[in-house]
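Subject: The structure we talked about

Hi,

Here is the structure I promised to pass on. Have a look at it first, and my notes on what I found follow below.

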Amino acid sequence: MAPSIAEASSSEIVLPVKADLEKTSYKPKIRRVIDEEGKNTTASYPNYLPVWDHGEKYPALEPFAHVDHGKDADPSLKDLLTADSRIQKLTPTIGSEVTGVQLSKLTPEGKDQLALLVAQRKVVAFRDQDFADLPIHEALEFGGYFGRHHIHPTSGSPEGFPEIHLVHRNNNAWELDEYLAGKNSSVSWHSDVTYEQQPPGTTFLYILDSPEVGGDTVFVNQVEAYNRLSPAVKERLHGLKAVHSGFEQAEFSLKRGSVVRREPVQNVHPIVRTHPVTGEKALFVNAGFTRSIVGLKKEESDALLGFLLNHVGRGIDYQARIRWAPKTVVVWDNRVTAHSAIVDWVTGERRHLARITPQAERPYETPYVPEKEDIKN
Ligand SMILES: [Fe+2]
């Protein structure tokens, strides 16, 4: 029998050799939320409660060839959006909501069309899904169609499934007080793990528990953010590259006594990225991980990056806010969006989500194309 995805990746765990174990009586700490909450936990999906294993270490990621299935998709989307389904736009340029489709039942053609739809609409919320109720390895098999699973360097995971990234907050009124004492807003724009050489593309997030109201996720369309710039600024941005760093995230995790499962990395990516399926150009900078612009002096880099991040953050006219409801799966394209959780509930209710994060191609850019008015002048 072929090994499951979880078994395949746990074979990559680097553990101390036996001699070291004997010398140091090394016993890695394991923190399990289920141990803290006990069998009477109120979590709807206790199998998804996070585990942080301090002995779990992974080697550096190796490059791999990514082929985007959106390229193979029938643009009619007939295998995805059937007569029984309904799709509604949330805003003109970003976000759709779909009912009447069961993602886990899609054929390969339907999955290809899902990749295309998500690239076009940037983020799509699918309601009434059975995803959270599937055995975890089946959810991972589904997600693995879209690219190689990313294992997050600092995340807790369901035991035995390191490819699942968990977001979990419970009884956190104290945490919110502490957080908001130092910040005016919880908005924290980012695209996921852009410090990797091959950051994620089509990405899945599904709700396990959420507050009755609050804890929405907001997404911004980075293609439209690019489109809104003047031709002069667009042209200047082409050819520029920025540094994306995972070091601060690793330091933050260590400071809180948590895990770092893989040594942090930084990578340089173009500021304007082309989507391999739609050909659209997107701004590829985010407040979470983009640190500086290569070749510019500090003040210049801070000013230009500051302008771009502010432009993205305030562009409510090209943002979409997703309200979670039980059994919702949100699928978005991390290559052409940034997002932020909104930490606005003070009821202590649990917010628990699972993310499946297939990696995509190494970001690349295509040359600046002057706009029509530009050519006339
Ligand atoms: Fe995220």
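I87 has V98 as its bridge partner in strand 4. That pair belongs to an antiparallel match between strand 3 (residues 86-89) and strand 4 (residues 96-99), which are joined by four bridges. The two strands make a hairpin with six residues between them, and G95 in the turn has a positive phi of about 95°. Strand 4 also pairs with strand 5 (residues 123-126), this time in the parallel sense and over three bridges. There, E97 stands opposite A125 of strand 5.

Before you read on, please keep in mind that this is a predicted model. The mean pLDDT of the protein chain is 91, and 91% of the residues score at least 70. The stretch to be careful with is residues 1-22, where the pLDDT is below 50; in the model this stretch has 26 contacts beyond near neighbours in sequence.

Now the overall picture. The protein chain has 11 helices and 17 strands. Its C-alpha trace spans about 75 × 55 × 45 Å along the principal axes. With 377 residues, a compact globule would have a radius of gyration near 21 Å, and the chain's own value of 21 Å agrees with that. Of those 377 residues, 39% count as buried. If you take the contacts with a separation of 6 or more, 83% of them are between residues 24 or more positions apart.

What about the inside? The largest nonpolar core has 62 residues, and Y206, L283 and V331 are those with the most contacts within it. Helix 4 (residues 108-121) gives the largest share of this core, six residues. V331 is a good one to click on: leaving out residues up to four places away in sequence, V331 touches L114, V118, V124, F126, T202, T203 and F204.

Helix 4 is also where you will find Q113. Is Q113 buried or exposed? It is buried, because 24 other C-beta atoms lie within 10 Å, and the cut-off for buried is 20 or more. Setting aside neighbours within four places in sequence, Q113 is in contact with A73, D74, L77, D79 and L80. If you want a sense of distance, try Q113 and S230: they are 117 residues apart in sequence and 33 Å apart in space, C-alpha to C-alpha.

One of those Q113 contacts, L77, deserves its own look. L77 has a positive phi of about 60° although it is not a glycine. Most residues other than glycine have a negative phi. L77 is in the loop between strand 2 (51-53) and strand 3. It counts as partly exposed, because 19 other C-beta atoms lie within 10 Å.

K327 is another case of this kind: its phi is near 70°, a positive value in a residue other than glycine. You will find K327 in the loop between strand 14 and strand 15 (329-333). K327 is partly exposed too, with 16 other C-beta atoms within 10 Å.

Strand 14 brings me to the open sheets. One has three strands in the order 14-8-16, with antiparallel pairing. Its edge strands are strand 14 (319-322) and strand 16 (337-341), each of which pairs on one side only. Neighbouring strands in this sheet are turned by 20° against each other on average, ignoring direction. Strand 8 (residues 217-221) and strand 14 run antiparallel and are joined by four bridges. In that pairing, V220 has Q319 of strand 14 as its bridge partner.

Another open sheet of three strands has the order 10-9-13, again with antiparallel pairing. Here the edges are strand 10 (266-270) and strand 13 (290-293), each pairing on one side only. On average, neighbouring strands of this sheet are turned by 30° against each other, direction ignored. Three bridges link strand 9 (residues 241-245) to strand 13, and the two run antiparallel. To find the spot in the viewer, look for H244, which stands opposite T290 of strand 13.

Shout if anything is unclear.

Cheers

Notes: Residues numbered from 1 in each chain as written. Predicted model: local features only at pLDDT ≥ 70, side-chain atom pairs only at ≥ 80, totals over all residues. Core = buried A, V, L, I, M, F, W, Y, C linked by C-beta atoms within 7 Å. Buried ≥ 20, exposed ≤ 12 C-beta atoms within 10 Å, placed from the backbone. Contact = placed C-beta atoms within 7 Å. Pairing = 2+ DSSP bridges. Axes fitted to C-alpha atoms, helices over the stretch in contact; angles between N-to-C directions. Rg over C-alpha atoms; globule rule 2.2 N^0.38 Å. pLDDT = per-residue confidence, 0-100.
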